[in-house]
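Please open the structure in your viewer and keep the sequence panel visible beside it. The tour below suggests what to select at each stop and describes what is found there.

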Amino acid sequence: MDRRFEWQEQRTTTPDGVYRVLRTAILDGTVSPGEQLRETHIATDLGISRSPLREALTKLEEEGLVVKVPFRGSFVVEVSDRDVSEIASIRLLVEPYAAELAAPTLRDAKRPLLKQTIEELHRATDANDIPASIDAHLRFHRLFYEHSGNAALYSLWSGWENKLRLYFAADHPTYSDLHQVAVEHEKLAELALNGDIEGYRKETLSQFQNALGAETADPA
């Protein structure tokens, strides 16, 4: 690897500290999808032993951000436009339903959590922090699946989340206007809480089309 990793916090040699640095490097685009994470170079850059590095790589693999190829090493997972377009076509069908099921809970017990997530999106906007914006963006959508009361819906989201995370991290033009991302999600929250599920679906379609272009078609 021909680039150095920079520590964002106080230097540490713990597996969790190494994991945070590598994860940030993946999500801010320092390390590209498909790129190899060469243990020798990273250990030298960070001044650490192989043990915490390997633990960190295992955690990233479990999270779906890294794939280990036998006899070759660890690589950042690649996600194609087609992968995300296919996910979007399914989300357009099931996410409004998840929002409808979750709305009563998000109006009541979990409303502070929804509000907090939107606030985090706006804070990321103010700081121009793409990784934090991606995290808050995905956490926002996860709330609808998680609080839908439907385990099958939540399982779908769990299978998609890190693919979407990698795609958004690599496709920075999608995040050319962080303020707009925050505004769009605030609108989605309002539509869901007001019970306007068809409005939620139409707004979701519009956002998908803006992000992915003409490939994302309305299946209705």
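Colour the chain by secondary structure to begin with, and nine helices and three strands should appear; read along the sequence, these elements follow the pattern α-β-α-α-β-β-α-α-α-α-α-α. Please keep in mind throughout that this is a predicted model. Before going into detail, it helps to take in the chain as a whole: of its 220 residues, 48% are buried, and among the contacts with a separation of 6 or more, 71% are between residues 24 or more positions apart.

For the next stop, select residues 39–46, which form helix α2, together with residues 50–63, which form helix α3. These two helices pack with their axes 10 Å apart and at an angle of about 115°, and the crossing of α2 and α3 is right-handed. To see what lies between them, show the side chains of Glu-39, Thr-40, Ile-42 and Ala-43 on the α2 side, which meet Arg-50, Leu-53, Arg-54 and Leu-57 on the α3 side. Sorted by class, the residues of this contact are four nonpolar, one polar and three charged.

While Lys-59 is within reach in the sequence panel, select Lys-59 and Tyr-19 together: Lys-59 lies over the face of the Tyr-19 ring, at 4.2 Å from the ring centre.

Next, turn to the aromatic side chains, for which a search of the whole structure finds five pairs. Start with Tyr-145 and Trp-157, a stacked pair whose rings are 5.1 Å apart centre to centre, with 25° between the planes. The two residues are twelve residues apart, with Tyr-145 in helix α6 (residues 130–146) and Trp-157 in helix α7 (residues 151–170), and their pairing links distant parts of the chain. Are these two residues buried or exposed? Tyr-145 has 0% relative accessibility and therefore counts as buried, and Trp-157, with a relative accessible area of 0%, is buried as well.

Now move the selection to Tyr-167 and Phe-168, whose ring centres are 6.2 Å apart and whose planes stand at 65°, so this pair is edge-to-face. Both Tyr-167 and Phe-168 are buried. To finish with the aromatics, select Phe-140, Phe-144 and Tyr-200, which ring pairs link into a cluster.

From there, go to His-147, in the loop between α6 and α7. This residue has a relative accessible area of 15%, and because buried means under 20%, His-147 counts as buried. Leaving aside residues up to four places away in sequence, show what His-147 touches: Leu-101, Ala-102, Thr-105, Leu-106, Lys-110 and Leu-113.

The last two stops concern the backbone. Most residues other than glycine have a negative phi, which is the background for looking at two loop residues here. Select Phe-71, in the loop between β2 (66–69) and β3 (73–76), where phi is near 70°, a positive value in a residue other than glycine. Phe-71 is exposed, with a relative accessible area of 90%. Then select Asn-128, in the loop between α5 (111–127) and α6; although Asn-128 is not a glycine, its phi is positive, at about 50°. Asn-128 has 58% relative accessibility and so counts as exposed.

Note on methods: Residues numbered from 1 in each chain as written. Predicted model: local features only at pLDDT ≥ 70, side-chain atom pairs only at ≥ 80, totals over all residues. Heavy atoms only, no water. Axes fitted to C-alpha atoms, helices over the stretch in contact; angles between N-to-C directions. Helix = DSSP H or I, 4+ residues; strand = E, 2+ residues; numbered from the N terminus. Left-handed = near helix turned anticlockwise from the far one by under 90°. Contact = heavy atoms within 4.5 Å. Nonpolar A, V, L, I, M, F, W, Y, C, P; charged D, E, K, R; others polar. Phe/Tyr/Trp six-rings, centres within 6.5 Å; stacked < 30°, edge-to-face > 60°. Buried < 20%, exposed > 50% of the residue type's maximum accessible area, 1.4 Å probe, protein only. Lys NZ or Arg CZ within 6 Å of the ring centre and 35° of its normal.
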